[in-house]
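Got the model open in your viewer? Let's walk through it stop by stop, with something to select at each one.

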Amino acid sequence: MKPLLSLLEAARPLFVKRGKLHFFKPAFDAAEFALFYPSSRTEYAPHVRDALDIKRFMGTVILAMLPSLIAAIYFFGPRTLAMILVSYVVGGTVEVLFAAIRKSEIHEGFLVTGLIFPLTLPPGTPLWIVGVGIFFGTMFGKEVFGGTGKNIFNPALVGRMFITIAFPAPMTTLWKMPFSDAITSATPMSLFKTQQIITPYVDLLWGNTAGSIGETFHIGIIAGGLFLMMTKISNWRIPLSYLGTVFIISYVGNMALPDTYAPPLFQILSGGLLFGAMFMATDPVTAPMTKIGKYLFGIFCGFLTVLIRALSGYVEGVMFSIVIMNAFTPLLDHIVLSVKYRQVKA
Amino acid sequence: MKFKGGFNVRLRGEPSHSIKPLPQCNTLELPLTSTRFNFSIVLVKPGELVFPGDRIAIDSDNFSLPLLAPCKGTVNLDLKGKIIALESIQQMDSTAIDIKKDMPERYQSQGVFGETRYTLVRLGAWQLLFDTKNGSVPDPLDKPQTIIVSLLSLEPFSLHPDVLLKERLSEFIHGLKCLYSLIGDKKIYLILPNIKSKSIDQCYNDLYRNNLIRLVKVPAKYPYSEPEYVAQALPEFDNSPGSAPIWATSVEGVLAIDQALTISHPYLHRHIALGGPACKSSGYVTAVCGYPIKKIKENIGIQGKVRVVQDGILRGKKVDENQVGLDTECQSLTFIEEKSNRDFLGFARLGFTKQSFSNSFLSKIVPNFKEKATTGLQGEHRPCVTCGFCESICPAALLPHLLYRYIQKQRAEEAQQLGLFKCISCGLCSYVCPSKLDLFKTIDQTKKELSTVNKKEEAGS
């Protein structure tokens, strides 16, 4: 690997201050440090550090989404890859530009956002809409707040929500069944909403249904979500309370109004609920940091999801519920902390 | 007692449990400053001949605690470099010292109580005691709630008390009895691991019958071995402001107290643990203050670019390359290779050779895996993503990332409300942070700054 390293060393003068390509220094640094870890050392105690860094942290999230990704490509063909590519190119450009303007380093978060976002879209989404969505999501969901770690809303969901509202027709009609190019509008959720048809659970589990490209293969999502929890990258509290609440409320609702509230297992295995609960609600930046806050976050998300699914004009409520609860995250944390440290304040 | 957080950093190169001799040397260079002490008043003149146990300097800020001459030798001063050198030294058996000769009025007026306390101060044993609240030296005439003695040491590469106990168990038990009467017949708290061990059982049987001690059994997980932690976690201790302090000492401290009170010998020879991944022949040595570090390095075969860390890799300090001799507080020296190579695609490695608090490396499935650590940062600095690792590892149940955020925004008061002073400075938050933030350094510094401000305010009012 030495020739590659010396090549990078040779290119470095172009990017230093007063170099010709100084503006692109963040991009060069990102490329260099992705290939070769910097040899930076600790200066203070602790003199030895844990091997986990943000690159691997984000890499593990992507690894956990691989089953969904592979299933998406398998089910909906190479067009999926084009959607992901568009998402990465546009999202990456926004990230690089902002890093260059801010003169800061490029953060790895966009690698996750750029993958989550296309996986939540219907298979027939035009590529330009994918571009618009990720542009809006990264720009107004993350960068304007000050970049990684400072955003209030999950950037992928901000983008998804923007295009859902801006282009309602393609976002609600361009579904496809796996292995077929025929456009259908019948996802399991809409089938229940309009005709109270319950798709067989086996089909739901294996992803033999219409739906967003990454959210139909539920076995893969469950495996990926459990993997994330086992590696401690995501916290189990949010998925547990989220899914638990959905289960309980839909169980009660289904007993009372079986035509409005779908049965609990169907709720959990259809639509984007598992994908949202495993990969999006658990985003550490936009979810509460306190433990009780996490439980509350999950409970409210579950509550909102079932209510929107059953009672609103929208078929799916996962996206809205997570974004709404993102807005309440600081408040939840504030309440929990002020109760916990009440005695100290007095 | 509730345990929260904590983590054992498992690294290769723990010191082997053998005590080795060190070669003789001709010159000792005693640094006048160390982490807690600043021996600013020098009592000797250049060319003066000193004998083991003589006072050669005192720390006027810390109750005039003395720096003792470890050997017979001729004084040479380098006050700019803050060093007292002892030249052409000769090893001599230390002898009993008459302490009554120069006992200050402050101690004399307190009778026997003052005399015992002054013996410990004069013979160098007092500096092995510390206050669990802030790690400072306690006032020799103060009366504590109790004393905590830890029989455990879980920070990697630190001095393991078992090594001392194996040889000097009876002295240790006697020392505990001295300690018991020293603090006014209050029970001493012994921290033990909740595992079976022969020397511990023996110690326990003897002391328990005497009603001297209370046992605190903790899991063998860092930092439960630290008295600061136990002082905070045990409900029977009074931690409210204004309460009597809780003191702590090590096994070495108990032995020094025993030696001072029974045979009036000064505490001069200390045990030092030598270990670390770059140390080829690890072990323990007995050395005196001022012994040249270079000679220790030569003796155990250290080559190349190696960082020397004193008193633990999680909390200790880097030994300055210009520092020549051991300072008066040194308990362990750890040798770690300075990181110089760059890993190709480091973040995507399977990770059979990397240790992590998270389970995202395959070393997790390797039994008894220990990492060969370097001083590499293992990543780049990034903003905090609130991953919560620091919170789940924090033994004091704090939110280190939030404290850090408040301190960065100059809102130290809010940080104080969130329990800044409960921090026991274990260093685990920084160790685990994937964004490589200097949480420990920031929190620790702010704590120190605030406590000096508070002290000044108290003194002012």
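Start in the loop of chain A that runs between α2 (25-35) and α3 (54-76), and pick out A:Pro46, which lies there. Keep in mind that you are looking at a predicted model. Show the backbone just before A:Pro46: the peptide bond that joins A:Ala45 to A:Pro46 is cis, with an omega of about -10°. Most peptide bonds are trans, and most residues other than glycine have a negative phi.

**The two domains of chain A**

Now colour chain A by domain. The assignment gives domain 1 as 2-35 and domain 2 as 54-339. Their centres, taken over C-alpha atoms, are 36 Å apart. Where the two domains of chain A touch, six residues come from domain 1 and seven from domain 2.

What sort of residues does domain 1 of chain A put against domain 2 of chain A: nonpolar, polar or charged? Select that side of domain 1 and you'll find six nonpolar residues, with no polar and no charged ones. The area buried between these two domains of chain A is about 540 Å², and carbon and sulfur atoms give 82% of it. Don't go hunting for salt bridges between domain 1 and domain 2 of chain A, as the count is zero. Polar contacts across that interface also come to zero residue pairs, with both residues required to be at pLDDT 80 or more.

**Two backbone oddities in chain A**

Stay on chain A and jump to the loop between α4 (79-102) and α5 (109-119), where you'll find A:Lys103. A:Lys103 isn't a glycine, yet its phi is positive, about 55°. Buried or exposed? Switch on the surface: A:Lys103 is exposed, with a relative accessible area of 67%.

Next, select A:Gln196, in the loop between α9 (188-195) and α10 (201-206) of chain A. A:Gln196 is another non-glycine residue with a positive phi, about 55°. A:Gln196 counts as partly exposed, at 35% relative accessibility.

**Over to chain B**

Chain B has its own pair of domains to colour: domain 1 (100-267) and domain 2 (377-460). The C-alpha centres of these two domains of chain B lie 29 Å apart. The contact between them takes six residues from domain 1 of chain B and seven from domain 2 of chain B.

Together, domain 1 and domain 2 of chain B bury about 620 Å², 62% of it on carbon and sulfur atoms. Which three residues should you show as sticks on the domain 1 side? Go for B:Tyr222, B:Tyr229 and B:Gln232: they supply 63% of the area that domain 1 of chain B buries against domain 2 of chain B, more than any other three residues. Between these two domains of chain B there are zero salt bridges, but two residue pairs are in polar contact, both residues being at pLDDT 80 or more. By class, the side of domain 1 of chain B that touches domain 2 of chain B has four nonpolar residues, one polar and one charged.

While B:Tyr222 is on screen, look at the peptide bond from B:Tyr222 to B:Pro223: it is cis, with omega near 0°. B:Pro223 sits in the loop between β12 (213-218) and α5 (227-233) of chain B.

**Where the chains meet**

Last stop: show both chains and select the residues in contact between them. Chain B gives 70 residues and chain A gives 50. Chain B and chain A bury about 5500 Å² between them, with 57% of that on carbon and sulfur atoms.

How many salt bridges cross the interface of chain B and chain A? The rule finds six. One to zoom in on is the salt bridge between B:Glu380 and A:Lys55, whose closest N and O atoms are 2.3 Å apart. Across the interface of chain B and chain A there are also 32 residue pairs in polar contact, with both residues at pLDDT 80 or more.

To see what chain B brings, highlight the elements that each supply at least two residues of its side, among them β16 (306-310), α9 (400-408) and α12 (439-460). The top contributor to that side is α11(B), with three residues. Finally, colour the side of chain B that touches chain A by residue class: 29 are nonpolar, 23 polar and 18 charged.

Definitions and conventions. Residues numbered from 1 in each chain as written. Chains lettered and ligands numbered in written order. Predicted model: local features only at pLDDT ≥ 70, side-chain atom pairs only at ≥ 80, totals over all residues. Heavy atoms only, no water. Domains from an automatic or database assignment. Contact = heavy atoms within 4.5 Å. Buried area = accessible area lost by both parts, 1.4 Å probe. Salt bridge = Lys/Arg side-chain N within 4 Å of Asp/Glu carboxyl O. Polar contact = N/O pair within 3.5 Å; in protein donor to acceptor, adjacent residues only side chain to side chain. Nonpolar A, V, L, I, M, F, W, Y, C, P; charged D, E, K, R; others polar. Helix = DSSP H or I, 4+ residues; strand = E, 2+ residues; numbered from the N terminus. Buried < 20%, exposed > 50% of the residue type's maximum accessible area, 1.4 Å probe, protein only.
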